[in-house]
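Got the viewer open and a few minutes to spare? Let's take a walk through this one, from the whole chain down to a few single residues.

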Amino acid sequence: MRLILTGATGMVGSATLNHVLSLPPGQVSHLYILSRKSVPIAEDRPDVTVIEHKNFNEYSPELLEKLKGADGCIWALGISQTQVSKEEYVKITMDYPLAAAKAFSGLSDSFNFVYVSGEGATQEPGMFTPFYGRIKGECEAALIALSQKYPSLKPYSVRPGLVDPAYDPATLASVMQRPDFTATKKMLLGTIGPLTRQCYSKGVSPTKDLGHFLTDLAKGNGQPLTGEGVSGGGWIISNAAFRRAAGL
């Protein structure tokens, strides 16, 4: 089982990476990390290859040859809509994952593409739908449509709520060391996190459980899921459905 990970230095990506690194030998035979910068916690691991990749809209034949035979990808690359222009947000949130899903669909006969979306994403936006919800919903729908053209592609979209590293020291430490994790972000994490855990626990996505769930989807049998909170023909998993699967 060989997997690809993007966004490995972000909160969700770090949680996923920490989970993969904690697995017994052989469960993931090799992990390929596509990243613009170094990934310190993956250094000196013979079962991990960090590939410097600058343009997430393009995948050269040489790169795809390196990734040949990979079985799945956790697409955790993302950014807040408050940090970039709308055009840049669309590029990062929708164009990048769609380009990757199309390119990766030929890496194996059955390829699980796990897109980290978010609660609030919708294919039926209304007047008050936030911009990120509209774009992430469009990407979810586009991934499902892409799988009709490339049957090897299994397009899961997971919608976390408040991503919470409070009980995940390794992920919390990794994120706190990032230069872009500002004092304001730390303050919000320290105030909104406890409040949400206390008053609306079902809206929380603990990072340790989320990293486990995303990895299991990428390693799984590629079949649509079922149950309450699952939509899009079994390909879109709400935070409630994730929490239920994780036993939360």
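Start with everything selected. Of the 248 residues in the chain, 48% are buried. Keep in mind as you look around that this is a predicted model.

**The whole chain**

Switch to a cartoon view and you can look for eight helices and ten strands. Turn the chain along its principal axes, and its C-alpha atoms fill a box of roughly 45 × 40 × 35 Å. How does the radius of gyration fit with a compact globule? For 248 residues such a globule would come out near 18 Å, and the chain has 17 Å, so the two agree.

Now try showing contacts. Among those with a separation of 6 or more, 69% join residues 24 or more positions apart.

**The surface**

Turn on the surface next. The chain exposes about 11,900 Å², and 55% of that comes from carbon and sulfur atoms. Colour by charge and you'll have 24 positive and 22 negative side chains to find. The centres of those two sets lie 3 Å apart.

**Two cysteines**

Select cysteine 73 and cysteine 139. How many disulfides does the chain have? The count comes to zero. Cysteine 73 is in none, and its nearest cysteine sulfur, the one in cysteine 139, is 12 Å away. Why no bond for cysteine 139? Its sulfur is 12 Å from the closest cysteine sulfur, in cysteine 73, and that is too far; a disulfide needs the pair within 2.5 Å.

You may want to hide the surface for this stop: cysteine 73 is buried, at a relative accessible area of 0%, and cysteine 139 counts as buried too, with 0% relative accessibility.

**Threonine 93**

Keep cysteine 139 on screen and add threonine 93, which sits in helix H3, residues 86-104. Which residues does threonine 93 touch, leaving aside those up to four places away in sequence? They are Tyr115, Ile135, Lys136 and Cys139, so show their side chains as well. Is threonine 93 buried or exposed? It counts as buried, because its relative accessibility is 5% and the cut-off is under 20%.

**Aspartate 44**

For the last stop, go to the loop between strand E2 (30-35) and strand E3 (48-52), where you'll find aspartate 44. Check its backbone: aspartate 44 has a positive phi of about 65 degrees, although it is not a glycine. Bring the surface back here, since aspartate 44 is exposed, with a relative accessible area of 77%.

Methods: Residues are numbered from 1 along each chain as its sequence is written. This is a predicted model: local features need pLDDT of at least 70, side-chain atom pairs count only at pLDDT 80 or more; totals for chains, interfaces and linings use all residues. Side-chain values use heavy atoms; hydrogens and water are left out. Helices (H or I, at least four residues) and strands (E, at least two) are DSSP runs, numbered from the N terminus. The radius of gyration is taken over C-alpha atoms; the globule rule is 2.2 Å times the number of residues to the power 0.38. Buried means under 20% relative accessible area, exposed over 50%, partly exposed in between (1.4 Å probe, protein chains only). Contact means heavy atoms within 4.5 Å. Accessible areas come from the Shrake-Rupley method with a 1.4 Å probe; for residues, only the protein chains shown count as cover. Lys and Arg count as positive and Asp and Glu as negative; His and the chain ends are not counted. The place of a charge is taken as NZ of Lys, CZ of Arg, CG of Asp or CD of Glu.
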